[in-house]
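Q: I'm new to reading protein structures and would love a close look at a single part. Could you pick one sheet and walk me through its surroundings?

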Amino acid sequence: MKWTKLTALTMSSVMAISLAAGCSNTKEADGGANPASGKEAGNVNKAGNVNKAGMPIVKQPVELTFFTGLADTNGSNSFEDRLVWKEYAKMSNMKINFQFIPFASLTEKRNLALANGDYPDALYSARVPASDLMKYGSQGVFVKLNDYIDSYAPNLKKLMDKYPDLRKALTMPDGNIYSFPSFYSPEFLPMLIGTPLWVKKEWLDKLNMKEPQTTEEFYSFLKAVKKTDLNGNGQADEIPYSGTGIGPLIDQIKGAWGVGNRGLGHKFVDVDPKTNELRFFRLTQNYKEVLQYVNKLYAEGLIDKDIFTQNGNALYAKGAKNVLASTINPNPKTQFNGDGYFGLGALKGPNGDQLYTHIKVPMVWPGAFVITNKNKNIEATIRWMDHFYSDEGAQFYFMGVEGTSYTKTADGKLEFVDEIKKNPAGLTMDQALTKYVTWMGGSYPGYVQEKYFKGSETLPESVEAGKKAQPYALKELWYNFNFTDAETEYMTTKGSDIQTYIGEMESKFITGATSFDEWDKYVTTVKNMGVDQYIKTYKTAYDRYNKSK
């Protein structure tokens, strides 16, 4: 079976054409009418074509088109040619045409497609935010799943019953569920950490320094790296710390000052441990000290000068040159074949605080998969997606086919074949995997557990980092809060203005463009922008979240 390959698109005009073409190509294999046209199709469109359980999903073949987000690390070869999707097409009797949209332009292209009506049957790995789930769900653009879940999504239902917070986070303020999520098992801490703060052990040993346990010890390590030719090439090219943006570093260390104590899903509001009330922590004295610490690193040249502008590829190129003493990414081994790095745990701060706050919401992307009103095979599409929330489907999605992409050890553990683990052509694991699977880069809909997910987060170094973080991990982790249309209007206008201004000013404080002598003036400015209303809106959503079932 030869399927059409669509390469990554970069221009809005091309995107509009391709999506329109994708809609027009969405058809039934028996020659039924085009579902996207809104005309009546043949009998194959009806739920009677769907088997309630097992494979194949449909009796007569069905063909669908999905708008599909794509990470840089996921390659550019078509999904249809990869092992998992070729096999699933045979199993399910459903052919899926995946239209690639690079994550770098995903939001723009998705918004354009939805606004123009040029969207296909479903949006896959499309990072649809909760606000758009509510907006387009209430308009009927996204299919309401409530009435289908019991009959056609037993695996998702089982997870929502097991983890009530998942159901809360998926349920919009109007009481409806419009999407399948990207869901990580709450017990899989290395996955929720995702990107630890890595340190090169060989260099630490050369400096005769112990593993940093505090923010001051981490600073001392970076400072020692700056003045030592640790890679032995006769050049002062060692970079103490590098990453993509300054945010990941702040998110990793802010727990050393006791802020951000409800997880990465809530970057402006947490709970004041003294009052147990919601607080806007980005204006607190503790958070100011976080910024002052990062400013000290930047001012002394301990942070890569390219930190605010470089992308992942630029970072990994530096890693491949053996110049990085510390960095934040999923795992140096898989990202740039970087050996000898280990992850730090929760650093202790100057005031005795020690929290590991860099923990994702288990439901990372609420709108990882949505079905649109162009789709005339809703039941079949739901069953197609729901399979990957079962153990069998998840193992297949992440590992592929036994004997081809993975083997099973005597004790029952799953291991990728050597072509993937030790690629003879020198490919990284992520690069080698693009022949078989499509989960690299994240944002996919599905259910992740440690027993069958073999990405960066399950490598020994990542597991060890998770063990270090465990004693200091957050006791209470908030899932996503969902806002009403009126609340969303505020959060995307005045609330967004506050967030944007804070981001701009924090960069200036870190780089020294603005002195910390201006801090009190800055706080007053932000408060005058409406922080009280921001907190009030947040609390309303928080209260609704706690009351939902």
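A: Here is a walk through one sheet, then a helix, then a pocket. This is a predicted model, in which local features need pLDDT of at least 70 and side-chain atom pairs count only at 80 or more, while totals for chains, interfaces and linings use all residues. Residues are numbered from 1 along each chain as its sequence is written, and side-chain values use heavy atoms, without hydrogens or water.

Let's start with the sheet. Three strands (DSSP E runs of at least two residues) make an open sheet, and their order is S8-S5-S9. Their pairing (at least two DSSP bridges between two strands) is antiparallel. Look at the edges next: strand S8 (326–328) and strand S9 (341–343) each have a single partner strand, so one side of each has no neighbour in the sheet. On average, with direction ignored, neighbouring strands here are turned by 30° against each other.

Now zoom in on one pair. Strand S5, residues 197–200, joins S8 through three bridges in the antiparallel sense. You can find one partnership yourself: start at Trp198, and its bridge partner in S8 is Thr327.

A helix (a DSSP H or I run of at least four residues) comes next. Helix H19, made of residues 460–469, lies across S5 and S9. Its direction makes an angle of about 30° with S9 (between N-to-C directions of lines fitted to C-alpha atoms, on a scale from 0 to 180 degrees).

H19 also leads us to a pocket (an open set of points on a 1 Å grid, with protein on both sides within 12 Å along at least five of seven lines). H19 is one of the elements that give two or more residues to the lining of the second largest pocket, along with helix H14 (332–336) and strand S12 (414–416). Lining residues have an atom within 4 Å of a point. S12 gives the most to this lining, with three residues. The second largest pocket holds about 590 Å³ of space, counted as the space filled by probe spheres set on the points.

Who lines this pocket? There are 22 lining residues, and those nearest the centre are Glu415, Lys421, Thr458, Leu459 and Pro460. The lining divides into seven nonpolar, seven polar and eight charged residues (Asp, Glu, Lys and Arg are charged; Ala, Val, Leu, Ile, Met, Phe, Trp, Tyr, Cys and Pro are nonpolar; the others, Gly among them, are polar).

Notes. Contact = heavy atoms within 4.5 Å. 1 Å grid on protein atoms, 1.4 Å probe; cavity = no way out; pocket = protein on both sides within 12 Å on 5 of 7 lines; lining within 4 Å.
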